Amino acid sequence: MKISIGSDHAGFELKEKIINKYSFFKFNDCGTFSDNSVDYPDFGHKVGNAVSNGEANYGILICGSGIGISI
């Protein structure tokens with residue numbers, strides 16, 4: 001099973017914790033790769049495309065509030 005995962009800067013720390021804790025899954029890390037300010041739609045788009053193209057079975061998206069990325 002392959003999981004695409006992405007976050008904005010506010011979700012970066014949680015994304016890294018998930019990847020490390022569940023290392024028995026194969027993750028496709030779509031970014032962001034630091035806690036520097038970024039726009040969440042860029043990473044939502046990457047994860048969504050990976051799932052819709054069949055590159056990943058599932059996607060996980062994380063942002064600071066959870067509201068923006070869900071839109």
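These notebook entries record what I looked up in a predicted model of the protein.

**Entry 1. Overall fold**

I began with the secondary structure, which comes to three helices and three strands. Reading along the sequence, I noted the pattern β-α-β-α-β-α. I then looked up the radius of gyration, which is 11 Å; the globule rule gives a close value of 11 Å for 71 residues, so the protein is as compact as a globular protein of that length. Along the principal axes, the C-alpha atoms fill a box of roughly 30 × 25 × 15 Å.

**Entry 2. Contacts, burial and surface**

I next examined the contacts with a separation of 6 or more, and found that 61% of them join residues 24 or more positions apart. As for burial, 34% of the 71 residues count as buried. The protein exposes about 4500 Å², and I recorded that carbon and sulfur atoms supply 52% of this area. For the charges, I noted 6 positive and 8 negative ones, with their mean positions 10 Å apart.

**Entry 3. Aromatic rings**

I searched for aromatic pairs and found three in the structure. The ring centres of Phe24 and Phe25 are 4.8 Å apart with the planes at 40°, so I entered this pair as tilted. The planes count as neither stacked, which requires under 30 degrees, nor edge-to-face, which requires over 60. For Phe25 and Phe27, the centres are 6.4 Å apart and the planes stand at 75°, so this pair is edge-to-face. I also noted that ring pairs link Tyr22, Phe24, Phe25 and Phe27 into a cluster.

Which of these residues are buried, and which are exposed? I found Phe24 exposed, because its relative accessible area is 64%. Phe25 has a relative accessible area of 28% and is therefore partly exposed. Phe27, with a relative accessible area of 18%, is buried; the cut-off for this class is under 20%.

**Entry 4. Ile18**

I then turned to Ile18, which I located in helix H1, spanning residues 12–21. Its relative accessibility is 18%, so Ile18 counts as buried. What does Ile18 touch, if residues up to four places away in sequence are not counted? I listed Ile5, Phe27 and Ile62. Phe27 thus appears in two of my entries, as a contact of Ile18 and as a member of the aromatic cluster. Finally, I checked the separation of Ile18 from His45, 27 residues apart along the chain, and found 20 Å between their C-alpha atoms.

Technical notes:
Residues are numbered from 1 along each chain as its sequence is written. This is a predicted model: local features need pLDDT of at least 70, side-chain atom pairs count only at pLDDT 80 or more; totals for chains, interfaces and linings use all residues. Side-chain values use heavy atoms; hydrogens and water are left out. Rings of Phe, Tyr and Trp (its six-membered ring) pair if their centres lie within 6.5 Å; planes under 30 degrees apart count as stacked, over 60 as edge-to-face and the rest as tilted. Buried means under 20% relative accessible area, exposed over 50%, partly exposed in between (1.4 Å probe, protein chains only). Helices (H or I, at least four residues) and strands (E, at least two) are DSSP runs, numbered from the N terminus. Contact means heavy atoms within 4.5 Å. The radius of gyration is taken over C-alpha atoms; the globule rule is 2.2 Å times the number of residues to the power 0.38. Accessible areas come from the Shrake-Rupley method with a 1.4 Å probe; for residues, only the protein chains shown count as cover. Lys and Arg count as positive and Asp and Glu as negative; His and the chain ends are not counted. The place of a charge is taken as NZ of Lys, CZ of Arg, CG of Asp or CD of Glu.
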